[in-house]
Amino acid sequence: MKIVADKPKMLTDVPLHYCPGCTHGIVHRLIAEVLEELGKVDNTIGVVPVGCAVFGYKYFRCDVLEAAHGRAPAVASAIRRVVNPENMIFTYQGDGDLASIGMAETVHACMRGENITIIFINNGIYGMTGGQMAPTTMPGEKATTCIYGRDPKVNGNPVHMCEMLATLTGPAYIERVACCDVPNIRKAKAAIKKAFEVQMAHKGLSFIEVLANCPTNYHMTAVESMQFVKEKGIPFYPLGVYKDITKEEK
Amino acid sequence: MKKLWKGNEAIAEAAVAAGCRYFFGYPITPQNEIPEYLSWRLPEVGGAFIQAESEVSAINMVYGAAAAGARAMTSSSSPGISLKQEGISYIAGAELPCVIVNMMRSGPGLGGIQPAQGDYFQATKGGGHGDYHPIVYAPSTIQEFVDITYNAFDTADKYRTPVMIIGDGMLGQMMEPAEIPPMKDTTSIFQKYNKDEWAACGHSDGKPRIINSLRIEPDENEEFNIRLFKKYEEITKNETRAEEYQLSDAEYVFVAYGSVARICKAAVVELRAQGIKAGLIRPITLYPYPTEVIASAAKSAHVKKFITVEMSMGQMVEDVRLAVNGLKPVEFYGRCGGNVMMPTDLVKYVKEGK
(Lines give C-alpha, C1' and ligand atoms only; values in the text may rest on other atoms or scores of the structure.)
Protein backbone atom coordinates (compact mmCIF):
# COMPACT_ATOMS: atom_id res chain seq x y z
CA MET A 1 0.00 0.00 0.00
CA LYS A 2 1.30 3.42 -0.92
CA ILE A 3 1.19 6.09 1.79
CA VAL A 4 0.07 9.37 0.25
CA ALA A 5 -0.27 11.41 3.44
CA ASP A 6 1.38 10.87 6.80
CA LYS A 7 1.78 12.58 10.16
CA PRO A 8 5.11 14.40 10.47
CA LYS A 9 7.58 12.37 12.53
CA MET A 10 8.29 15.43 14.61
CA LEU A 11 4.79 15.22 16.08
CA THR A 12 4.37 12.64 18.83
CA ASP A 13 1.44 10.22 19.06
CA VAL A 14 -0.03 12.00 22.10
CA PRO A 15 -3.62 13.02 21.28
CA LEU A 16 -3.95 16.80 21.04
CA HIS A 17 -5.98 18.35 23.85
CA TYR A 18 -7.16 21.24 21.68
CA CYS A 19 -10.88 21.84 21.17
CA PRO A 20 -12.48 20.52 17.98
CA GLY A 21 -11.99 23.01 15.17
CA CYS A 22 -9.09 24.82 16.83
CA THR A 23 -6.19 25.71 14.52
CA HIS A 24 -3.37 25.09 17.04
CA GLY A 25 -3.07 21.55 15.71
CA ILE A 26 -2.67 22.85 12.16
CA VAL A 27 0.12 25.23 13.16
CA HIS A 28 1.87 22.48 15.17
CA ARG A 29 1.80 20.37 12.05
CA LEU A 30 3.12 23.17 9.86
CA ILE A 31 6.08 23.71 12.21
CA ALA A 32 6.79 19.98 12.23
CA GLU A 33 6.54 19.68 8.43
CA VAL A 34 8.81 22.68 7.90
CA LEU A 35 11.49 21.50 10.33
CA GLU A 36 11.44 18.06 8.75
CA GLU A 37 11.78 19.52 5.28
CA LEU A 38 14.71 21.61 6.50
CA GLY A 39 16.28 18.56 8.19
CA LYS A 40 16.33 20.35 11.53
CA VAL A 41 14.12 18.20 13.75
CA ASP A 42 16.99 16.61 15.62
CA ASN A 43 18.59 19.69 17.02
CA THR A 44 15.57 21.91 17.55
CA ILE A 45 14.68 23.41 20.93
CA GLY A 46 11.13 24.63 21.44
CA VAL A 47 9.87 26.98 24.12
CA VAL A 48 6.16 26.73 24.78
CA PRO A 49 3.95 29.25 26.59
CA VAL A 50 1.31 29.44 29.26
CA GLY A 51 -2.07 29.35 27.58
CA CYS A 52 -3.73 26.80 25.33
CA ALA A 53 -0.37 25.60 24.00
CA VAL A 54 0.94 24.95 27.52
CA PHE A 55 1.05 21.21 26.76
CA GLY A 56 3.07 21.83 23.60
CA TYR A 57 5.97 19.88 25.10
CA LYS A 58 3.91 16.70 24.74
CA TYR A 59 3.41 17.13 21.00
CA PHE A 60 6.79 18.10 19.54
CA ARG A 61 9.41 15.38 19.33
CA CYS A 62 12.32 17.68 20.22
CA ASP A 63 13.78 19.21 23.39
CA VAL A 64 11.13 21.55 24.81
CA LEU A 65 11.00 23.99 27.69
CA GLU A 66 7.80 25.12 29.32
CA ALA A 67 8.30 28.83 30.06
CA ALA A 68 6.53 31.05 32.57
CA HIS A 69 3.72 33.17 31.14
CA GLY A 70 5.13 35.57 28.56
CA ARG A 71 8.78 34.78 29.25
CA ALA A 72 9.51 32.49 26.31
CA PRO A 73 11.54 35.08 24.33
CA ALA A 74 13.79 35.70 27.37
CA VAL A 75 14.22 31.96 27.91
CA ALA A 76 14.98 31.45 24.20
CA SER A 77 17.47 34.35 24.20
CA ALA A 78 19.48 32.64 26.93
CA ILE A 79 19.37 29.24 25.21
CA ARG A 80 20.68 30.94 22.07
CA ARG A 81 23.81 31.96 24.06
CA VAL A 82 24.40 28.42 25.33
CA VAL A 83 23.74 26.03 22.45
CA ASN A 84 25.35 25.53 19.06
CA PRO A 85 24.50 28.21 16.44
CA GLU A 86 23.12 25.41 14.24
CA ASN A 87 20.43 24.52 16.77
CA MET A 88 17.00 25.81 15.75
CA ILE A 89 15.16 27.62 18.54
CA PHE A 90 11.51 28.59 18.37
CA THR A 91 8.97 29.98 20.75
CA TYR A 92 5.27 29.26 20.34
CA GLN A 93 3.08 31.85 22.06
CA GLY A 94 -0.48 33.06 22.18
CA ASP A 95 -1.70 36.64 22.25
CA GLY A 96 -2.06 36.98 26.03
CA ASP A 97 1.36 35.43 26.51
CA LEU A 98 3.22 37.36 23.83
CA ALA A 99 1.40 40.69 23.53
CA SER A 100 0.20 41.25 27.09
CA ILE A 101 2.18 39.79 29.98
CA GLY A 102 5.22 39.10 27.80
CA MET A 103 5.20 42.34 25.79
CA ALA A 104 8.52 43.49 27.27
CA GLU A 105 10.20 40.13 26.61
CA THR A 106 8.85 40.10 23.04
CA VAL A 107 9.91 43.64 22.21
CA HIS A 108 13.37 43.31 23.75
CA ALA A 109 14.13 39.96 22.11
CA CYS A 110 13.19 41.68 18.83
CA MET A 111 15.32 44.74 19.70
CA ARG A 112 18.31 42.49 20.35
CA GLY A 113 17.65 40.71 17.07
CA GLU A 114 18.01 37.29 18.66
CA ASN A 115 18.53 34.50 16.13
CA ILE A 116 15.31 32.71 17.05
CA THR A 117 11.88 32.19 15.49
CA ILE A 118 8.74 33.36 17.24
CA ILE A 119 5.43 31.80 16.23
CA PHE A 120 2.64 34.05 17.47
CA ILE A 121 -0.87 32.59 17.57
CA ASN A 122 -3.36 35.46 17.52
CA ASN A 123 -6.97 34.43 18.05
CA GLY A 124 -7.94 37.58 19.90
CA ILE A 125 -9.00 35.86 23.09
CA TYR A 126 -7.72 34.06 26.20
CA GLY A 127 -8.65 30.50 25.32
CA MET A 128 -7.45 28.37 28.21
CA THR A 129 -8.78 30.60 30.98
CA GLY A 130 -12.20 30.77 29.36
CA GLY A 131 -12.60 33.65 26.94
CA GLN A 132 -11.33 36.84 28.57
CA MET A 133 -10.35 39.92 26.56
CA ALA A 134 -6.94 39.68 24.92
CA PRO A 135 -4.59 42.51 23.90
CA THR A 136 -5.66 41.66 20.34
CA THR A 137 -9.44 41.43 20.91
CA MET A 138 -10.94 43.66 18.22
CA PRO A 139 -13.20 46.64 18.97
CA GLY A 140 -16.76 45.41 19.37
CA GLU A 141 -15.64 41.79 19.86
CA LYS A 142 -17.17 40.18 22.94
CA ALA A 143 -15.21 38.50 25.70
CA THR A 144 -16.02 37.47 29.28
CA THR A 145 -14.31 40.60 30.62
CA CYS A 146 -15.97 42.90 28.06
CA ILE A 147 -19.37 41.31 27.69
CA TYR A 148 -20.85 44.11 25.57
CA GLY A 149 -17.91 44.02 23.19
CA ARG A 150 -14.52 45.71 23.45
CA ASP A 151 -14.98 49.45 23.82
CA PRO A 152 -11.62 51.18 23.28
CA LYS A 153 -12.75 54.04 25.55
CA VAL A 154 -13.29 51.60 28.40
CA ASN A 155 -11.03 48.66 27.58
CA GLY A 156 -8.25 50.33 25.62
CA ASN A 157 -7.19 49.53 22.08
CA PRO A 158 -5.86 46.31 20.61
CA VAL A 159 -2.26 46.05 19.44
CA HIS A 160 -0.96 45.26 15.95
CA MET A 161 2.21 43.35 16.78
CA CYS A 162 3.69 42.95 13.29
CA GLU A 163 3.26 46.63 12.49
CA MET A 164 4.76 47.66 15.84
CA LEU A 165 7.74 45.27 15.71
CA ALA A 166 8.47 46.24 12.09
CA THR A 167 9.48 49.68 13.39
CA LEU A 168 12.43 48.05 15.21
CA THR A 169 15.90 47.59 13.73
CA GLY A 170 16.41 44.15 15.29
CA PRO A 171 13.98 41.76 13.58
CA ALA A 172 15.00 40.18 10.27
CA TYR A 173 11.66 38.85 9.07
CA ILE A 174 8.08 39.65 10.09
CA GLU A 175 4.98 38.27 8.41
CA ARG A 176 1.31 37.90 9.28
CA VAL A 177 -0.60 34.91 7.90
CA ALA A 178 -3.98 33.33 8.62
CA CYS A 179 -5.14 29.79 9.27
CA CYS A 180 -8.69 30.16 7.99
CA ASP A 181 -8.69 28.18 4.73
CA VAL A 182 -6.43 25.96 2.64
CA PRO A 183 -4.82 28.68 0.48
CA ASN A 184 -4.01 30.69 3.61
CA ILE A 185 -2.71 27.62 5.45
CA ARG A 186 -0.36 26.96 2.53
CA LYS A 187 0.84 30.56 2.76
CA ALA A 188 1.26 30.14 6.51
CA LYS A 189 3.50 27.15 5.91
CA ALA A 190 5.60 29.08 3.42
CA ALA A 191 5.97 31.90 5.95
CA ILE A 192 7.02 29.54 8.74
CA LYS A 193 9.52 27.93 6.39
CA LYS A 194 10.92 31.31 5.46
CA ALA A 195 11.20 32.17 9.16
CA PHE A 196 13.27 29.09 9.95
CA GLU A 197 15.40 29.61 6.83
CA VAL A 198 16.18 33.12 8.08
CA GLN A 199 17.27 31.59 11.38
CA MET A 200 19.33 28.92 9.61
CA ALA A 201 21.11 31.68 7.71
CA HIS A 202 21.82 33.41 11.07
CA LYS A 203 20.05 36.54 9.84
CA GLY A 204 18.34 37.26 13.15
CA LEU A 205 14.87 37.18 14.61
CA SER A 206 11.93 35.94 12.56
CA PHE A 207 8.38 36.58 13.72
CA ILE A 208 5.30 34.92 12.24
CA GLU A 209 1.88 36.01 13.43
CA VAL A 210 -0.82 33.49 12.64
CA LEU A 211 -4.43 34.67 12.76
CA ALA A 212 -6.08 31.73 14.45
CA ASN A 213 -9.53 30.88 15.75
CA CYS A 214 -11.18 29.88 19.01
CA PRO A 215 -14.55 28.28 18.23
CA THR A 216 -15.19 27.46 21.89
CA ASN A 217 -14.82 30.98 23.19
CA TYR A 218 -16.22 32.67 20.08
CA HIS A 219 -19.28 30.47 20.74
CA MET A 220 -19.21 29.44 17.09
CA THR A 221 -18.93 26.28 15.08
CA ALA A 222 -15.53 25.52 13.63
CA VAL A 223 -16.65 26.70 10.19
CA GLU A 224 -18.19 29.91 11.58
CA SER A 225 -14.99 30.65 13.49
CA MET A 226 -12.93 30.27 10.31
CA GLN A 227 -15.35 32.61 8.54
CA PHE A 228 -14.98 35.08 11.40
CA VAL A 229 -11.19 35.11 11.05
CA LYS A 230 -11.54 35.60 7.30
CA GLU A 231 -14.24 38.29 7.36
CA LYS A 232 -13.41 40.21 10.55
CA GLY A 233 -9.87 39.21 11.51
CA ILE A 234 -8.02 39.71 8.22
CA PRO A 235 -9.45 43.18 7.44
CA PHE A 236 -8.43 44.36 10.93
CA TYR A 237 -5.07 42.56 10.93
CA PRO A 238 -3.92 42.75 7.29
CA LEU A 239 -1.84 39.84 6.05
CA GLY A 240 1.56 40.24 4.48
CA VAL A 241 5.29 40.68 4.98
CA TYR A 242 6.04 43.58 7.31
CA LYS A 243 9.80 43.27 7.34
CA ASP A 244 12.28 41.27 5.30
CA ILE A 245 15.96 42.12 5.51
CA THR A 246 16.80 39.35 3.05
CA LYS A 247 14.88 41.34 0.43
CA GLU A 248 16.60 44.56 1.42
CA GLU A 249 19.96 42.80 1.07
CA LYS A 250 19.17 41.87 -2.54
CA MET B 1 47.71 34.97 46.04
CA LYS B 2 45.60 37.37 48.05
CA LYS B 3 44.47 40.57 46.36
CA LEU B 4 42.39 43.47 47.55
CA TRP B 5 38.90 42.81 46.19
CA LYS B 6 35.65 44.73 46.34
CA GLY B 7 32.93 42.36 47.57
CA ASN B 8 30.75 42.44 44.47
CA GLU B 9 33.68 42.04 42.09
CA ALA B 10 35.13 39.19 44.15
CA ILE B 11 31.80 37.34 43.89
CA ALA B 12 31.81 37.90 40.13
CA GLU B 13 35.34 36.55 39.66
CA ALA B 14 34.65 33.63 42.01
CA ALA B 15 31.65 32.75 39.83
CA VAL B 16 33.87 32.77 36.73
CA ALA B 17 36.39 30.54 38.51
CA ALA B 18 33.52 28.22 39.47
CA GLY B 19 32.63 27.71 35.80
CA CYS B 20 29.73 30.14 35.55
CA ARG B 21 29.64 31.31 31.94
CA TYR B 22 26.26 33.06 31.71
CA PHE B 23 25.00 36.04 33.65
CA PHE B 24 21.72 37.87 33.19
CA GLY B 25 20.95 40.97 35.21
CA TYR B 26 19.39 44.37 35.52
CA PRO B 27 20.93 47.42 37.22
CA ILE B 28 20.06 48.08 40.86
CA THR B 29 22.11 49.49 43.72
CA PRO B 30 24.05 48.14 45.65
CA GLN B 31 24.97 45.16 43.42
CA ASN B 32 25.91 46.89 40.15
CA GLU B 33 29.56 45.86 40.19
CA ILE B 34 28.56 42.22 39.67
CA PRO B 35 26.87 42.74 36.24
CA GLU B 36 29.40 45.43 35.31
CA TYR B 37 32.32 43.11 35.97
CA LEU B 38 30.78 40.09 34.28
CA SER B 39 29.71 42.11 31.20
CA TRP B 40 33.36 42.23 30.07
CA ARG B 41 34.74 39.24 31.97
CA LEU B 42 32.40 36.52 30.67
CA PRO B 43 33.12 37.12 26.96
CA GLU B 44 36.84 36.75 27.82
CA VAL B 45 36.21 33.17 28.94
CA GLY B 46 33.79 32.22 26.15
CA GLY B 47 30.64 33.05 28.08
CA ALA B 48 27.93 35.64 27.60
CA PHE B 49 26.24 38.47 29.46
CA ILE B 50 22.85 40.00 28.74
CA GLN B 51 21.62 43.18 30.36
CA ALA B 52 18.01 42.09 30.49
CA GLU B 53 14.98 44.33 30.05
CA SER B 54 13.85 43.57 33.60
CA GLU B 55 14.58 41.40 36.61
CA VAL B 56 11.73 39.19 35.47
CA SER B 57 13.43 38.59 32.13
CA ALA B 58 16.84 38.15 33.77
CA ILE B 59 15.73 35.27 35.98
CA ASN B 60 13.88 33.66 33.06
CA MET B 61 17.10 33.88 31.04
CA VAL B 62 18.78 32.05 33.92
CA TYR B 63 16.00 29.45 33.58
CA GLY B 64 16.78 29.06 29.88
CA ALA B 65 20.57 28.85 30.25
CA ALA B 66 20.36 26.44 33.19
CA ALA B 67 17.85 24.31 31.28
CA ALA B 68 20.30 24.10 28.38
CA GLY B 69 22.90 22.72 30.82
CA ALA B 70 25.04 25.76 31.55
CA ARG B 71 26.15 27.29 34.84
CA ALA B 72 24.16 30.50 35.05
CA MET B 73 23.73 33.26 37.57
CA THR B 74 21.88 36.48 38.29
CA SER B 75 22.22 39.08 41.00
CA SER B 76 20.05 41.86 42.28
CA SER B 77 19.00 43.75 45.37
CA SER B 78 15.79 43.50 47.37
CA PRO B 79 13.14 45.11 45.07
CA GLY B 80 14.70 43.31 42.10
CA ILE B 81 14.73 40.02 43.98
CA SER B 82 10.99 40.43 44.56
CA LEU B 83 10.57 40.60 40.78
CA LYS B 84 12.65 37.45 40.34
CA GLN B 85 10.47 35.35 42.64
CA GLU B 86 8.27 34.10 39.80
CA GLY B 87 11.31 32.74 37.98
CA ILE B 88 12.90 31.29 41.13
CA SER B 89 9.71 29.34 41.80
CA TYR B 90 9.75 27.99 38.22
CA ILE B 91 13.45 27.10 38.56
CA ALA B 92 12.69 25.20 41.78
CA GLY B 93 9.66 23.59 40.08
CA ALA B 94 11.70 22.50 37.06
CA GLU B 95 14.61 21.43 39.31
CA LEU B 96 17.22 23.56 37.60
CA PRO B 97 20.55 24.58 39.13
CA CYS B 98 21.50 28.25 39.37
CA VAL B 99 22.98 30.86 41.69
CA ILE B 100 21.21 34.07 42.70
CA VAL B 101 22.89 36.84 44.69
CA ASN B 102 20.85 39.31 46.76
CA MET B 103 22.74 42.34 48.07
CA MET B 104 19.98 43.38 50.43
CA ARG B 105 18.85 46.95 50.92
CA SER B 106 16.18 48.32 53.20
CA GLY B 107 12.46 48.11 52.50
CA PRO B 108 9.55 47.70 52.21
CA GLY B 109 8.83 49.14 48.77
CA LEU B 110 11.63 51.13 47.23
CA GLY B 111 13.10 51.56 50.73
CA GLY B 112 16.70 52.74 50.70
CA ILE B 113 20.06 51.56 49.43
CA GLN B 114 21.83 51.17 52.77
CA PRO B 115 22.52 47.75 54.34
CA ALA B 116 19.57 45.75 55.69
CA GLN B 117 18.48 42.17 56.32
CA GLY B 118 14.75 42.46 55.76
CA ASP B 119 14.66 39.77 53.06
CA TYR B 120 15.31 36.85 55.43
CA PHE B 121 11.74 35.56 55.27
CA GLN B 122 11.64 35.97 51.48
CA ALA B 123 14.94 34.13 51.02
CA THR B 124 14.48 31.26 53.45
CA LYS B 125 10.76 30.54 53.36
CA GLY B 126 10.54 30.23 49.60
CA GLY B 127 9.80 33.76 48.43
CA GLY B 128 7.79 32.83 45.39
CA HIS B 129 4.64 30.72 45.17
CA GLY B 130 4.43 27.05 46.08
CA ASP B 131 6.28 24.66 48.37
CA TYR B 132 9.99 25.11 47.84
CA HIS B 133 13.17 26.52 49.40
CA PRO B 134 16.35 27.68 47.76
CA ILE B 135 19.56 26.87 49.64
CA VAL B 136 20.51 30.19 51.25
CA TYR B 137 24.06 31.19 52.22
CA ALA B 138 24.95 34.28 54.25
CA PRO B 139 28.72 34.91 54.13
CA SER B 140 30.22 37.57 56.38
CA THR B 141 33.61 38.32 54.78
CA ILE B 142 34.76 38.85 51.21
CA GLN B 143 36.85 35.65 51.36
CA GLU B 144 33.81 33.74 52.56
CA PHE B 145 31.74 35.22 49.71
CA VAL B 146 34.40 33.98 47.30
CA ASP B 147 34.55 30.48 48.77
CA ILE B 148 30.78 30.09 49.00
CA THR B 149 30.19 31.42 45.48
CA TYR B 150 32.91 29.08 44.19
CA ASN B 151 31.20 26.05 45.74
CA ALA B 152 27.58 27.20 45.30
CA PHE B 153 27.50 26.14 41.64
CA ASP B 154 28.55 22.60 42.62
CA THR B 155 25.87 22.48 45.31
CA ALA B 156 23.27 23.79 42.84
CA ASP B 157 24.29 21.17 40.25
CA LYS B 158 24.47 18.36 42.80
CA TYR B 159 20.92 18.89 44.02
CA ARG B 160 19.51 20.59 40.89
CA THR B 161 18.21 23.45 42.97
CA PRO B 162 18.48 27.25 43.06
CA VAL B 163 21.08 28.56 45.51
CA MET B 164 20.83 32.06 46.91
CA ILE B 165 23.72 34.00 48.42
CA ILE B 166 22.71 36.99 50.48
CA GLY B 167 24.72 39.97 51.62
CA ASP B 168 24.11 43.66 51.90
CA GLY B 169 25.50 46.91 50.53
CA MET B 170 28.19 46.94 53.22
CA LEU B 171 29.61 43.56 52.17
CA GLY B 172 29.11 44.23 48.47
CA GLN B 173 30.91 47.55 48.53
CA MET B 174 33.72 46.99 51.06
CA MET B 175 37.21 45.87 50.08
CA GLU B 176 39.15 43.11 51.80
CA PRO B 177 42.05 40.84 50.89
CA ALA B 178 40.76 37.66 49.28
CA GLU B 179 42.12 34.81 47.21
CA ILE B 180 40.20 33.56 44.20
CA PRO B 181 40.50 29.75 43.88
CA PRO B 182 41.80 28.22 40.62
CA MET B 183 39.62 28.13 37.49
CA LYS B 184 37.47 25.00 37.33
CA ASP B 185 37.47 22.88 34.19
CA THR B 186 34.12 23.74 32.63
CA THR B 187 34.26 20.93 30.05
CA SER B 188 33.82 18.25 32.70
CA ILE B 189 30.89 19.86 34.53
CA PHE B 190 28.27 18.77 31.97
CA GLN B 191 29.36 15.11 32.24
CA LYS B 192 30.02 15.17 35.97
CA TYR B 193 26.45 16.14 36.78
CA ASN B 194 24.89 13.95 34.04
CA LYS B 195 23.33 16.96 32.37
CA ASP B 196 23.02 15.08 29.10
CA GLU B 197 20.21 13.10 30.73
CA TRP B 198 17.99 16.12 31.23
CA ALA B 199 19.35 19.33 29.69
CA ALA B 200 17.31 20.70 26.78
CA CYS B 201 20.17 21.61 24.47
CA GLY B 202 19.01 20.12 21.18
CA HIS B 203 19.32 16.36 21.28
CA SER B 204 19.31 14.14 18.22
CA ASP B 205 18.79 10.76 19.90
CA GLY B 206 15.01 10.79 19.51
CA LYS B 207 14.45 11.18 23.25
CA PRO B 208 13.20 14.73 23.86
CA ARG B 209 14.38 16.38 27.10
CA ILE B 210 11.50 18.30 28.65
CA ILE B 211 12.03 21.12 31.14
CA ASN B 212 8.75 21.76 32.85
CA SER B 213 7.07 22.65 36.13
CA LEU B 214 3.50 21.96 35.01
CA ARG B 215 2.09 18.93 36.84
CA ILE B 216 -1.62 19.23 36.37
CA GLU B 217 -2.56 15.88 37.92
CA PRO B 218 -2.88 16.33 41.73
CA ASP B 219 -1.18 12.99 42.46
CA GLU B 220 1.71 13.79 40.16
CA ASN B 221 2.18 17.23 41.70
CA GLU B 222 1.93 15.89 45.25
CA GLU B 223 4.46 13.20 44.46
CA PHE B 224 6.79 15.86 43.09
CA ASN B 225 6.41 18.02 46.22
CA ILE B 226 7.18 15.04 48.44
CA ARG B 227 10.24 14.20 46.37
CA LEU B 228 11.38 17.84 46.53
CA PHE B 229 11.13 17.83 50.31
CA LYS B 230 13.04 14.56 50.55
CA LYS B 231 15.76 16.39 48.66
CA TYR B 232 15.57 19.23 51.21
CA GLU B 233 16.00 16.67 54.01
CA GLU B 234 19.15 15.47 52.28
CA ILE B 235 20.33 19.06 51.88
CA THR B 236 19.64 19.74 55.57
CA LYS B 237 21.66 16.67 56.54
CA ASN B 238 24.63 17.48 54.31
CA GLU B 239 24.82 21.21 53.84
CA THR B 240 23.84 22.91 57.11
CA ARG B 241 26.62 25.18 58.30
CA ALA B 242 27.20 27.52 61.22
CA GLU B 243 30.16 29.09 62.99
CA GLU B 244 30.39 28.92 66.78
CA TYR B 245 32.45 31.68 68.35
CA GLN B 246 33.45 31.71 72.05
CA LEU B 247 30.50 29.46 72.76
CA SER B 248 32.04 26.88 75.13
CA ASP B 249 31.39 28.89 78.30
CA ALA B 250 29.14 31.66 76.97
CA GLU B 251 26.31 32.96 79.14
CA TYR B 252 25.03 35.48 76.61
CA VAL B 253 24.78 34.07 73.10
CA PHE B 254 24.34 36.35 70.13
CA VAL B 255 22.78 34.82 67.03
CA ALA B 256 23.52 36.83 63.90
CA TYR B 257 24.48 36.33 60.24
CA GLY B 258 26.33 38.23 57.54
CA SER B 259 27.75 41.66 58.31
CA VAL B 260 25.87 41.81 61.65
CA ALA B 261 27.75 38.73 62.85
CA ARG B 262 31.01 40.68 62.48
CA ILE B 263 29.63 43.44 64.66
CA CYS B 264 28.55 40.83 67.22
CA LYS B 265 32.07 39.34 67.22
CA ALA B 266 33.50 42.74 68.12
CA ALA B 267 30.91 43.00 70.90
CA VAL B 268 31.86 39.54 72.20
CA VAL B 269 35.52 40.58 72.39
CA GLU B 270 34.66 43.80 74.25
CA LEU B 271 32.24 42.05 76.65
CA ARG B 272 34.82 39.39 77.48
CA ALA B 273 37.41 42.14 78.10
CA GLN B 274 34.95 43.47 80.65
CA GLY B 275 34.56 40.02 82.23
CA ILE B 276 31.17 39.15 80.69
CA LYS B 277 31.04 35.75 79.04
CA ALA B 278 29.49 36.38 75.63
CA GLY B 279 29.52 34.16 72.55
CA LEU B 280 28.11 33.97 69.04
CA ILE B 281 26.35 31.50 66.80
CA ARG B 282 26.65 32.59 63.19
CA PRO B 283 24.42 30.68 60.76
CA ILE B 284 26.26 30.37 57.43
CA THR B 285 23.34 28.57 55.81
CA LEU B 286 20.03 30.30 56.51
CA TYR B 287 18.21 27.48 54.69
CA PRO B 288 18.84 24.80 55.82
CA TYR B 289 18.89 26.52 59.21
CA PRO B 290 21.41 25.34 61.85
CA THR B 291 18.62 24.49 64.29
CA GLU B 292 20.65 21.74 65.98
CA VAL B 293 23.55 24.05 66.85
CA ILE B 294 21.19 26.48 68.57
CA ALA B 295 19.13 23.73 70.21
CA SER B 296 22.28 22.18 71.59
CA ALA B 297 23.46 25.55 73.00
CA ALA B 298 20.02 26.03 74.57
CA LYS B 299 20.56 22.80 76.52
CA SER B 300 23.93 23.99 77.88
CA ALA B 301 23.70 24.96 81.55
CA HIS B 302 26.00 27.97 81.15
CA VAL B 303 23.83 29.69 78.54
CA LYS B 304 21.55 32.25 80.21
CA LYS B 305 19.91 33.74 77.14
CA PHE B 306 20.03 34.26 73.39
CA ILE B 307 20.10 37.66 71.77
CA THR B 308 19.23 37.61 68.07
CA VAL B 309 20.70 40.61 66.30
CA GLU B 310 19.48 41.60 62.86
CA MET B 311 19.23 44.61 60.57
CA SER B 312 15.46 44.17 60.44
CA MET B 313 12.47 44.32 62.76
CA GLY B 314 13.08 40.67 63.65
CA GLN B 315 12.83 37.84 61.15
CA MET B 316 15.49 35.21 61.86
CA VAL B 317 14.56 35.52 65.55
CA GLU B 318 11.54 33.33 64.78
CA ASP B 319 13.81 30.47 63.71
CA VAL B 320 15.97 31.00 66.80
CA ARG B 321 12.85 30.73 69.02
CA LEU B 322 11.83 27.53 67.23
CA ALA B 323 15.31 26.09 67.79
CA VAL B 324 15.51 27.16 71.46
CA ASN B 325 11.98 25.83 71.94
CA GLY B 326 11.34 27.69 75.22
CA LEU B 327 14.40 26.33 77.04
CA LYS B 328 15.98 29.78 77.43
CA PRO B 329 14.85 33.36 76.85
CA VAL B 330 15.30 34.63 73.29
CA GLU B 331 15.62 38.39 72.94
CA PHE B 332 15.89 40.57 69.87
CA TYR B 333 18.01 43.58 69.08
CA GLY B 334 17.52 45.20 65.69
CA ARG B 335 18.21 48.28 63.65
CA CYS B 336 16.62 48.83 60.27
CA GLY B 337 15.98 51.27 57.46
CA GLY B 338 19.66 51.15 56.55
CA ASN B 339 20.97 51.89 60.03
CA VAL B 340 23.73 49.68 61.39
CA MET B 341 24.24 48.87 65.08
CA MET B 342 27.64 49.48 66.72
CA PRO B 343 29.44 46.91 68.88
CA THR B 344 29.05 49.38 71.77
CA ASP B 345 25.24 49.26 71.28
CA LEU B 346 25.35 45.50 71.82
CA VAL B 347 27.69 45.75 74.83
CA LYS B 348 25.29 48.25 76.38
CA TYR B 349 22.31 46.02 75.59
CA VAL B 350 23.88 43.01 77.33
CA LYS B 351 24.96 45.04 80.36
CA GLU B 352 21.84 47.17 80.75
CA GLY B 353 19.21 45.15 78.93
CA LYS B 354 18.40 47.98 76.48
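Into which domains is chain B divided? Chain B has domain 1 (3-239) and domain 2 (242-352), with bounds that come from an automatic or database domain assignment.

A quick word on the basis: this is a predicted model, where local features need pLDDT of at least 70 and side-chain atom pairs count only at pLDDT 80 or more, while totals for chains, interfaces and linings use all residues. Residues are numbered from 1 along each chain as its sequence is written, and chains are lettered from A and ligands numbered from 1 in the order in which they are written.

Let's start inside chain B. Taken over C-alpha atoms, the centres of its domain 1 and domain 2 are 28 Å apart. Contact (C-beta atoms, placed from the backbone, within 7 Å) links 26 residues of domain 1 of chain B with 22 residues of domain 2 of chain B. On the domain 1 side, α5(B) gives the most, 4 residues; helices (H or I, at least four residues) and strands (E, at least two) are DSSP runs, numbered from the N terminus.

Now to the two chains: 29 residues of chain A touch 32 residues of chain B. On the chain A side, α2(A) brings the largest share, with 8 residues.

Here is the make-up of both sides by class (Ala, Val, Leu, Ile, Met, Phe, Trp, Tyr, Cys and Pro nonpolar; Asp, Glu, Lys and Arg charged; the others, Gly among them, polar).

| Side | Nonpolar | Polar | Charged |
|---|---|---|---|
| Domain 1 of chain B, touching domain 2 of chain B | 14 residues | 10 residues | 2 residues |
| Chain A, touching chain B | 16 residues | 6 residues | 7 residues |

Strands also pair across the chains (DSSP finds at least two bridges between them): β2(A) runs parallel to β9 (residues 210-211) of chain B over 2 bridges. There, Val64(A) stands opposite Ile210(B).
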